[in-house]
Amino acid sequence: MSHDFFKETPELSKRHYFLSLGLLLVIVIPFLVVWSLFYHHNPWLLAHTKHHGQFISPPLPVEKLQLTTQDNKHLRVKNLNKKWWLVYVEPENCNSHCLHNLHNMNQLHLALGRDHQRMGRLVIVRSKRHAKQLQAQIIQHAPGTHVVINAQRHSPLQTEDFYIIDPEGNIMLHYQDHAGAQGILKDMRRLLHGNPDILPTQALVA
């Protein structure tokens, strides 16, 4: 009895190959997309990862603070250029402790090594007068730090504390004034290494 009926022709084999490949892609690609979104952008996962700071849930969009630059421009998410930002909230007067914190900000940034370009530094002050007073101290103790103004009477941010803003413009981690610099550095490195695909774009509007 001939078995030619059961033999696949080259055309049929090729059709089966592409059909199998298509089915594989249909199954695998959605899984990879869901896994990537869950791993990199899931607030629940971030909240349950060990951090040295306090996770802010839900994260606070930076635009809700209505921050302005020294030339009266509103700070928008696009101005943050897809970077992570280490933020310090200045007290009424920048005393020796405040200057020490500014110095620590600078040192933490430098300690990131080649990843330092993916993070920026931001100081929030209460008025344009404070911004002008602080500028000379910034140049001396933390060159390259940007200063913005929060004129709100009741700000949700605590004076003299540190915060981290993610590349989407959300304030997501809070560090009290007594938080250790090493803990902040470990969190910064973990966030940068866990999101290698997020790269900065253009400079912050001054």
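**Figure 1. Overall view of the predicted model, with 38% of the 206 residues in the protein buried.** The structure shown is a predicted model. The protein has five helices and six strands. Along the sequence these elements follow the pattern α-α-β-β-α-β-α-β-β-β-α. Of the contacts between residues at least 6 apart in sequence, 72% join residues at least 24 apart.

**Figure 2. Confidence along the chain, given as pLDDT.** The protein has a mean pLDDT of 79, and 70% of its residues reach 70 or more. In residues 37–48 the pLDDT is below 50. Beyond near neighbours in sequence, this stretch has 14 contacts in the model.

**Figure 3. The largest nonpolar core, a set of 30 residues.** Leu86, Leu102, Leu134, Ile164 and Met188 are the residues with the most contacts inside this core. Three helices are listed among the elements that each supply at least two of its residues: H3 (96–110), H4 (128–141) and H5 (181–194). Strands that each supply at least two are S2 (84–89), S3 (119–125), S4 (146–149), S5 (162–165) and S6 (170–175). A second, separate core has 16 residues, including Val62, Val89, Tyr163 and Ile171. In soluble globular proteins, nonpolar side chains tend to be buried together.

**Figure 4. Surroundings of Leu86, one of the residues with the most contacts inside the largest nonpolar core.** Neighbours within four places in sequence are left aside in this view. The residues in contact with Leu86 then include Met105, Leu108, Met119, Gly120, Arg121 and Leu122. Leu86 is also in contact with Phe162, Tyr163, Ile164, Ile184 and Met188.

**Figure 5. Met105, a residue of helix H3.** Met105 counts as buried because its relative accessibility is 0%, under the cut-off of 20%. Apart from neighbours within four places in sequence, Met105 is in contact with Leu86, Tyr88, Arg121, Leu122, Val123 and Phe162. Met105 and Ile184 are 79 residues apart along the chain, and their C-alpha atoms are separated by 9.9 Å.

**Figure 6. His174 and its contacts in the area of strand S6.** His174 lies in strand S6. With a relative accessible area of 11%, this histidine is buried. The side chains of His174 and Asp161 are joined by a polar contact of 2.7 Å. Leaving aside neighbours within four places in sequence, His174 is in contact with Asp161 and also with Gly53, Gln54, Ile56, Gln158, Phe162 and Tyr163.

**Figure 7. The salt bridge between Lys82 and Glu168.** The protein has three salt bridges in the model, and this view shows the pair formed by Lys82 and Glu168. Their closest N and O atoms are 3.3 Å apart. Lys82 is in the loop between strand S1 (54–61) and S2, while Glu168 is in the loop between S5 and S6. The two residues are 86 residues apart, and the pair links distant parts of the chain. Lys82 is partly exposed, at a relative accessible area of 36%. Glu168 is also partly exposed, with 43% relative accessibility.

**Figure 8. The salt bridge between Arg190 and Asp187 in helix H5.** The N to O distance between the two side chains is 2.8 Å. Both residues lie in helix H5, three residues apart, which is about one turn of the helix. The two partners differ in exposure: Arg190 is partly exposed, with a relative accessible area of 34%, whereas Asp187 is buried, at 0% relative accessibility.

**Figure 9. The salt bridge between Arg118 and Asp115.** The side chains of Arg118 and Asp115 meet at 3.7 Å, N to O. Arg118 and Asp115 are both buried.

**Figure 10. The disulfide between Cys94 and Cys98.** The model has one disulfide. The sulfur atoms of Cys94 and Cys98 are 1.9 Å apart. The torsion about the S-S bond is about -90°, so the disulfide of Cys94 and Cys98 is left-handed. Cys94 is buried, with a relative accessible area of 15%. Cys98 is buried as well, at 0% relative accessibility. A disulfide is a covalent bond between the sulfur atoms of two cysteines.

Methods. Residues numbered from 1 in each chain as written. Predicted model: local features only at pLDDT ≥ 70, side-chain atom pairs only at ≥ 80, totals over all residues. Heavy atoms only, no water. Core = buried A, V, L, I, M, F, W, Y, C linked by side-chain atoms within 4.5 Å. Buried < 20%, exposed > 50% of the residue type's maximum accessible area, 1.4 Å probe, protein only. Helix = DSSP H or I, 4+ residues; strand = E, 2+ residues; numbered from the N terminus. Contact = heavy atoms within 4.5 Å. Salt bridge = Lys/Arg side-chain N within 4 Å of Asp/Glu carboxyl O. Disulfide = S-S within 2.5 Å. pLDDT = per-residue confidence, 0-100. Polar contact = N/O pair within 3.5 Å; in protein donor to acceptor, adjacent residues only side chain to side chain.
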